[in-house]
Amino acid sequence: MSTIRSAGTYTLGNRSVTRLGYGAMQLAGPGVFGPPKDRDAALAVLRAAVAAGVDHIDTSDYYGPYVTNQIIREALEPYAQSLTIVTKVGAKRGNGGAWLLDNSPEGLTRAVHDNLRNLGLEALEVVNLRIMMSAHGPAEGSIAAQVETMADLQRQGLVRHIGISNVTATQIAEARAIVEIVCVQNEYNLAHRGDDALIDALARDGIAYVPFFPLGGFSPLQSTILSDVAAQLDATPMQVALAWLLQRAPNILLIPGTSSLAHLQENLAAATLDLPRDAVTALDGIAAA
């Protein structure tokens, strides 16, 4: 068994994927905008991830924009049949890298075609609809019109499976009444645990939950408890944070991102890290600290 297979697998759409995948956001330049400083290094990281057994890559055409998808295509085409590429739509980039809402029917349709073109695919396996009701996280409001557009793109054969991102439980229920939802992608990590009940509910329904910013995102997780547990286990704090997520629920799929081969290897090694009960208890207390 390869290292990351130790983390197990879970169903995403009609495919089984390893629970420890790879997020391509950091392959773009600073601020997820423009080209990377070292394109060859970015290509090498992608190829190393797949060689290590990663079969689930998360990306978007608005990373760069276009940059990460073009690098993925250059690095990995022709794609292995076992590789599942998950992308997302609902935003675009403005001048200077601003993140702008782009969820009109025309915008979503254009984004799907852009992803298809830059990835070199005839159909997208999974597309997450990114909801941006608020700049501060999920906020209530109907998403029916956007989900209907995605369902229409699915009927056209351009999208095989649909997920939703940055959403509330109410919005998930609304979306599921329109079309099958195979995954939910929200912010969640050791310190940000607002979706605890939601994760468990999705697990009962066989829906994957994909935490973004599993290591804290632009503000990496920092905790004395996390550092102490890592020291006790002869691991890094980031490995412990990832291992905690893998043990949190069986439906959690991880997509930690990096542009470094060394950090990639460190992240993937988290699949074999077994956290003892006392460590989990201590880590569970971080969110309440």
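**Close-up views of a predicted model**

**View 1. Surroundings of N69 in the predicted model.** Leaving aside residues up to four places away in sequence, N69 touches T59, S60, D61, N115, N118 and L119. The residue that makes these contacts is found in helix α2, which spans residues 67-76. Is N69 buried or exposed? Its relative accessibility is 0%, and N69 therefore counts as buried. The model shown here and in every view below is a predicted one.

**View 2. The loop between β4 and α2, with P65 and Y66.** P65 lies in the loop that runs between β4 and α2, and the peptide bond that joins G64 and P65 is cis, with an omega of about -5°. Y66 also has its place in the loop between β4 and α2. The phi of Y66 is near 75°, which is a positive value in a residue other than glycine. Y66 has a relative accessibility of 36%, so this residue counts as partly exposed, the partly exposed range being the one between under 20% for buried and over 50% for exposed.

**View 3. The cis peptide bond from E77 to P78.** Which form does the peptide bond from E77 to P78 take? This bond is cis, and its omega is near 0°. P78 is found in the loop that links α2 with β5.

**View 4. Helix α6 and what covers its buried residues.** Helix α6 is formed by residues 196-204, and within this helix L198, I199 and L202 are buried. When the helix is seen down its axis, the buried residues of α6 fall within an arc of 100°, and they therefore line one face of the helix. On the other side of α6, A197 and R204 are exposed. Which elements are included in what covers the buried residues of α6? Among them are two helices, α5 (169-176) and α8 (237-248), together with two strands, β10 (181-187) and β11 (208-212). Just after α6, G206 takes a positive phi of about 70°.

**View 5. D234 in the loop between α7 and α8.** D234 lies in the loop that connects α7 (224-232) with α8, and α8 is also included in what covers the buried residues of α6. The phi of D234 is near 55°, a positive value in a residue other than glycine. Is D234 buried or exposed? The relative accessible area of D234 is 75%, which means that this residue is exposed.

**View 6. The largest cavity and its lining.** How many cavities of 30 Å³ or more does the structure hold? The structure holds 1 such cavity, and about 30 Å³ of space lies in the largest cavity. The largest cavity is lined by L12, H56, D58, V86, N128, C183, Q185 and V210. Two elements, β4 (56-58) and β10, give two or more residues to this lining. By residue class, the lining of the largest cavity divides into 4 nonpolar, 3 polar and 1 charged.

**View 7. The second largest pocket.** The second largest pocket contains about 280 Å³ of space. This pocket is lined by 14 residues, of which L83, L121, A123, E125 and R160 are the closest to its centre. Which strands each supply at least two residues of the lining of the second largest pocket? They include β5 (84-89) and β8 (124-130). The lining of the second largest pocket divides into 7 nonpolar, 3 polar and 4 charged residues.

**View 8. The whole protein, for orientation among the close-ups.** The protein contains 10 helices and 11 strands, and its C-alpha atoms fill a box of roughly 55 × 45 × 40 Å when this is taken along the principal axes. For 289 residues, a compact globule would have a radius of gyration near 19 Å, and the 18 Å of the protein agrees with this value. Of the 289 residues of the protein, 52% count as buried. Among the contacts in the protein with a separation of 6 or more, 74% are accounted for by residues 24 or more positions apart.

Conventions:
Residues numbered from 1 in each chain as written. Predicted model: local features only at pLDDT ≥ 70, side-chain atom pairs only at ≥ 80, totals over all residues. Heavy atoms only, no water. 1 Å grid on protein atoms, 1.4 Å probe; cavity = no way out; pocket = protein on both sides within 12 Å on 5 of 7 lines; lining within 4 Å. Points joined across faces, edges and corners; volume = space filled by probe spheres on them. Helix = DSSP H or I, 4+ residues; strand = E, 2+ residues; numbered from the N terminus. Nonpolar A, V, L, I, M, F, W, Y, C, P; charged D, E, K, R; others polar. Buried < 20%, exposed > 50% of the residue type's maximum accessible area, 1.4 Å probe, protein only. Arc of directions from axis to C-beta. Contact = heavy atoms within 4.5 Å. Rg over C-alpha atoms; globule rule 2.2 N^0.38 Å.
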